Amino acid sequence: MTNQQMGKSRKPFVVGASAPFSALKRILRTSVNLRGGWALIRGTWASWLQYRSFFFILAFGWMIPPLIYLLVWATAAGGRAIGGMTRGEFVAYYLALILVNQITYSQTNWTVGDLIRYGQMNRLLMRPLHPLFDALSSELAGKVVYLAFDLPVVIVLALILRPEMHLTPGNVLAFLPALLLAWALRFFWGYWLALLAFWATRADALLAVQDSLVFLLAGQVAPVALLPGLLHSAAVALPFRYMVGFPVEILTGQVDPVGLALGFAVQLGWLALALGLSALMWRQGVRRYSAVGG
Amino acid sequence: MRYLKLISLFARASVQEETAYRANFAIGLLYSLLNLGTGVLGIFVLFGQVESVQGWSFASTLALLGVYLSVGAVRSLFIGPSLEALAGMDGDVWSGRLDFVLLRPVDTQFLASFRKWRIFSLFDLALGLGTLGVAVSRLGQTLSAARIAGFVIALAAAVAILYAILLAFTALVFWSPGVLFTWVFDGVFQMARYPLGLYPGWLRLLLTWVIPVGIITTVPAGMLSGASSPGALAGMVGLAVVLVGAASLLFRFGTRRYASASS
């Protein structure tokens, strides 16, 4: 390659680098239009705020169902204990559940189905990176935004409602891996359901069924220990309790050592199945995938 | 008369629009049943542990759920879709299509309230009324004609209050487009699934006087179980009249602020 050629090939780069500089100069020269600049700044800021309020509203909506059951059970308990739980313990259980539910809820599962349906998966498939990472990254970003809303609210609720919690180092230590596994289980369980969109156009109906089952069996409508007969056995055997209720029960000290070991075993078993199904769905599905549109 | 004709026209157009997507029908059926199932099981679990809470038994709480489902069904039958088309995401206020609504030779509020229908919600309404029927038979009380009349009046007032609140939230869009007020309201409205008495005092006041969501279900259900006094019914009807009037005023002010979109 001659020097001249190199110079040529470098030229656009040089132009590119100076472009923002000249733009800045132009802005400075026409700085009379301060009003326009200010309007732009204000507009951008407003649109960010608007997005944030959008996410806050979502987080608010997700918080309401556990909050309702917190208040209902706390009132029902009154001065006595129901199923061995006092009013303060119900409050502690549900406040922890609000946070755990938010941390493990994976909103991205809903978008994965949309990406496949509308053919926007193309963009992700072109990247030298598994599309799973795209879901995981927005998952993480979402958690930060949602928790920024949830944490202050839960703290205020804790000040008003006076929870009763006996934290032990052992419980906290067991809680953290349980929480991580719960998130992984809920994410991959939803992921393989969402990947059914490769075959069926309205697979998101299954996600709605999953949300209802989580509501009933994962400890939202009542702590799993308080569920009547058949519902209780279903809750212990099916994966949903291990997505939300199990870590919460550990933190509030409702799980004995045997239950803890058994719980972790069931949790890991369902997680392994969810991972296997996700991998299988992906391999089979992506072969079937033919993009929609351009 | 002319308005009734228009309503039936709107409804027919909506049916034609809706039946084009038949798969959505099955999905909608599934969602309705899930909603009913989780609601009933929630009450079932609670009253499996306790006999009654603050004077509310299984049967009377079930009646309240029936009211909640029925009122919610009427909402999603026409109030919700119509107002959503105005103020929701990509709604008329945002896109500027409200120009065409304002220009029509009919009352704007009427048009905004009855424009879009979701006929499928009649199924939800049937489920809600069915739940009410089961609850009444479980209550094991003989209902006098006066009490049934009181219940029907309370139910009508409940729909009117819900409509007024939603209209007011919709009108707020004229001041601040983009903030999804109705979404916030959806969260709060869920609280009406349970009787007011089951919430702590400060929240009870909030749900009675600030956003009167609690009244919508508690008073009609109380008419059936005998927990609501005639005074509560009178108060509810009064509140409905005041709220509908105030919301209409707010809506009128709002439309005056509307300045179309861009260009």
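Here are two short exercises on the predicted model above, each with a worked solution.

This is a predicted model, in which local features need pLDDT of at least 70, side-chain atom pairs count only at pLDDT 80 or more, and totals for chains, interfaces and linings use all residues. Residues are numbered from 1 along each chain as its sequence is written, chains are lettered from A in the order in which they are written, and side-chain values use heavy atoms, with hydrogens and water left out.

**Exercise 1.** Work out how many residues of chain A and chain B are in contact, and what area is buried between the chains.

*Solution.* Start with contacts (heavy atoms within 4.5 Å): 34 residues of chain A meet 32 of chain B. Next, take the buried area (accessible area, 1.4 Å probe, that two parts lose on being put together, summed over both). That comes to about 2,900 Å², with carbon and sulfur atoms giving 79%. On the chain A side, A:I57, A:I68 and A:R202 supply 18% of what chain A buries against chain B, more than any other three residues. Finally, look for salt bridges (a side-chain nitrogen of Lys or Arg within 4 Å of a carboxyl oxygen of Asp or Glu): the rule finds zero across this interface.

**Exercise 2.** Find where A:R162 and B:Q54 sit, and say whether each is buried or exposed.

*Solution.* Take A:R162: phi is positive, about 50°, though the residue is not a glycine. A:R162 lies in the loop between α6 (131-161) and α7 (169-195) of chain A (helices H or I, at least four residues, are DSSP runs, numbered from the N terminus). A:R162 counts as exposed (over 50% relative accessible area, 1.4 Å probe, protein chains only) because its relative accessibility is 57%. Now B:Q54: phi is near 50°, again positive in a non-glycine. B:Q54 is in the loop between α2 (23-49) and α3 (58-87) of chain B, and at 54% relative accessibility B:Q54 counts as exposed.

Terms used
Helices (H or I, at least four residues) and strands (E, at least two) are DSSP runs, numbered from the N terminus. Buried means under 20% relative accessible area, exposed over 50%, partly exposed in between (1.4 Å probe, protein chains only).
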